Amino acid sequence: MLSSDTGTVHIIGAGLAGLAAAVQLSGAGRRIVVHEATAYAGGRCRSYYDQQSGMTIDNGTHLVLSGNHAVQSFARSIGSAAGLQGPAAAEFQFVDFADSAQWTLRFGDSRFPWWIFDKGRRVPQTGVLDYLPLARLACASADRPIGRVMACTGALYKRLLEPLLLAALNIEPPEGSAKLAGTLIRETLALGGKACRPLLAREGLGPVFVEPALALLAARGVAVAFEDELVALHVDGPRVTRLQFAKHTMALAEGDSVILAVPPWAAEGLVPGLTAPNEFRGIVNAHFRIDPPAQMPPMLGVINGTAQWIFAHPGRISVTVSDAGALFAQPRLDLAQALWCDVARVSGLPEALPPWQIVRERRATFAATPEQNRRRPQAQTSWRNLWLAGDWTDTGLPATLESAIRSGYRAAELAQNIRIAA
Ligand SMILES: Cc1cc2nc3c(=O)[nH]c(=O)nc-3n(C[C@H](O)[C@H](O)[C@H](O)COP(=O)(O)OP(=O)(O)OC[C@H]3O[C@@H](n4cnc5c(N)ncnc54)[C@H](O)[C@@H]3O)c2cc1C
């Protein structure tokens, strides 16, 4: 049985991993306190009002697939599942700027990939045998770069695998981890269209993932301490005994425990001897304040453009570029203009730049290479009252919301078990 005289769980970091752990543990009746370094929750998944464009924007459009079961269970548990919206079927529209070809990929609901055998449904200029590398990737066990498992050339690669893997792994696919790609394929494409419906937080990341979680935590009496940065963890023998924050220090009682849900670069400075991913890849997002034309698809994959994905939201068009290192040195205005050019081309909107904002996240995710993947630690640590969470811990998935939330659930489960055993 749970009781209120057991220790407190201190959750460090109010990103999605920390929030998922907090929601899970508070639902189980645990006493918890969340400590967040900044003045806001959500971490790398957040919405905010932007003066320059005059609208509320997300740091980046976050795409999830219907096969991401932890994301959906989290949204259900905080009452915001209806905010994750997408088409009734797994459909992806593409345009190739090289030859202006346009097509819609329709996976169909069957687990058997009938769409591959239907010339009208598969990627233009591809034949059935071109799809065999997908099976090879799905079965990848030893971790090697994708470029050594399959040829990263040809129409299927350019028009399907490159955009999907680049978006999911946030790395140029040839250097990406075949093992991570394989897990992804097994959890989505291999399960058929039911697991591949694209879902977006149309009202914004804050209203879907962050604000409802904070409201639920508040209703459960959970304190979230903002601007409360952890600067050191003190350990003594098998346990963490003291938490040193920038503005205060806290001694931990015997039953108290800690879930460290901070990014890897912060965790490495806090946990003695921790090995964690230490190479990162950036993502660039552009947001334009303008009404999209009625015929514009809600989500469009662009091949051979500067933009990779274009999203049409009410009153706003957003563009995403993954593994966007090359765009970080470009002047902001030039970049906004280049991306808007791509939007104007597909939407028929005038070339004059509407109000805009560019968000460049340099360390959006760890670099999903086999080497970096091997640096991911388990949730358990050498200390019996300290667990790690975050998209970068060893969840077997690329650094995504699904990975972050699963890691938070896992850390919560471990914290819960240890308490029962204590
Ligand atoms: C631009 C962009 C686009 C993305 N697109 C997608 C997408 O389309 N689909 C998808 O699934 N995923 C996407 N992701 C990845 C997704 O956002 C992350 O996987 C997820 O948000 C990571 O959550 P987290 O809780 O592990 O880490 P974080 O969000 O980094 O949270 C860590 C928290 O810890 C806090 N913190 C740090 N140090 C301390 C300290 N010392 N003390 C207290 N608090 C501290 C931080 O302020 C932060 O709030 C994208 C990410 C970015 C940046």
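**Figure 1. Strands E12 and E13, side by side.** In this predicted model, Gln244 has a bridge partner in E13, and that partner is Thr249. The two strands involved, E12 (residues 239–245) and E13, pair in the antiparallel sense, with 3 bridges between them.

**Figure 2. The hairpin made by E11 and E12.** Here we move over to E11, which is joined to E12 by 6 bridges, the two running antiparallel. One spot to look for is Val235, whose bridge partner in E12 is Val240. E11 and E12 form a hairpin, with 2 residues sitting between them. In that turn you'll find Gly237, which has a positive phi of about 60 degrees.

**Figure 3. The 3-stranded sheet as a whole.** Put these pieces together and you get an open sheet of 3 strands, in the order E11-E12-E13, with antiparallel pairing. Its edge strands are E11 (230–236) and E13 (249–251), each of which pairs on one side only. On average, neighbouring strands in this sheet are turned by 20 degrees against each other, ignoring direction.

**Figure 4. The 7-stranded sheet.** Another open sheet has 7 strands, and reading across it gives E8-E7-E16-E17-E18-E15-E19, with mixed pairing. At the edges are E8 (101–106) and E19, which each pair on one side only. Neighbouring strands of this sheet are turned against each other by 20 degrees on average, direction ignored.

**Figure 5. A closer look at E17 and E18.** Inside that 7-stranded sheet, E17 (residues 309–313) pairs with E18 (residues 316–321) in the antiparallel sense over 5 bridges. To find your place, start at Phe311: its bridge partner in E18 is Ser318.

**Figure 6. Helix H9 lying across the strands.** Helix H9 (residues 332–347) lies across E7 (91–96), E15, E16 (299–303), E17, E18 and E19. Against E19, the helix runs at about 100 degrees.

**Figure 7. Polar backbone atoms at the ligand.** Which backbone atoms should you look for around the ligand? A backbone N or O atom of Leu63 lies 2.7 Å from one of the ligand's oxygen atoms. Leu401 also offers a polar backbone atom, 2.9 Å from an oxygen atom of the ligand. At Leu230, a backbone N or O atom is 2.9 Å from a nitrogen atom of the ligand. As for the ligand's surface, the ligand taken alone exposes 1000 Å², and the protein buries 92% of that.

**Figure 8. The shell around the ligand.** How many residues are around the ligand, and which come nearest? There are 35, and Glu36, Arg44, His62, Leu63 and Asp391 are the ones that come nearest. By type, the shell divides into 16 nonpolar, 13 polar and 6 charged residues. Several elements each supply at least two residues of this shell: helix H1 (16–27), strand E15 (280–289), strand E19 (356–366) and helix H11 (401–421). You've already met E15 and E19 in the 7-stranded sheet, with E19 as one of its edge strands.

Terms used
Residues numbered from 1 in each chain as written. Predicted model: local features only at pLDDT ≥ 70, side-chain atom pairs only at ≥ 80, totals over all residues. Heavy atoms only, no water. Near = heavy atom within 4 Å. Polar contact = N/O pair within 3.5 Å; in protein donor to acceptor, adjacent residues only side chain to side chain. Areas by Shrake-Rupley, 256 points an atom, 1.4 Å probe, with all protein chains shown as cover. Helix = DSSP H or I, 4+ residues; strand = E, 2+ residues; numbered from the N terminus. Nonpolar A, V, L, I, M, F, W, Y, C, P; charged D, E, K, R; others polar. Pairing = 2+ DSSP bridges. Axes fitted to C-alpha atoms, helices over the stretch in contact; angles between N-to-C directions. Contact = heavy atoms within 4.5 Å.
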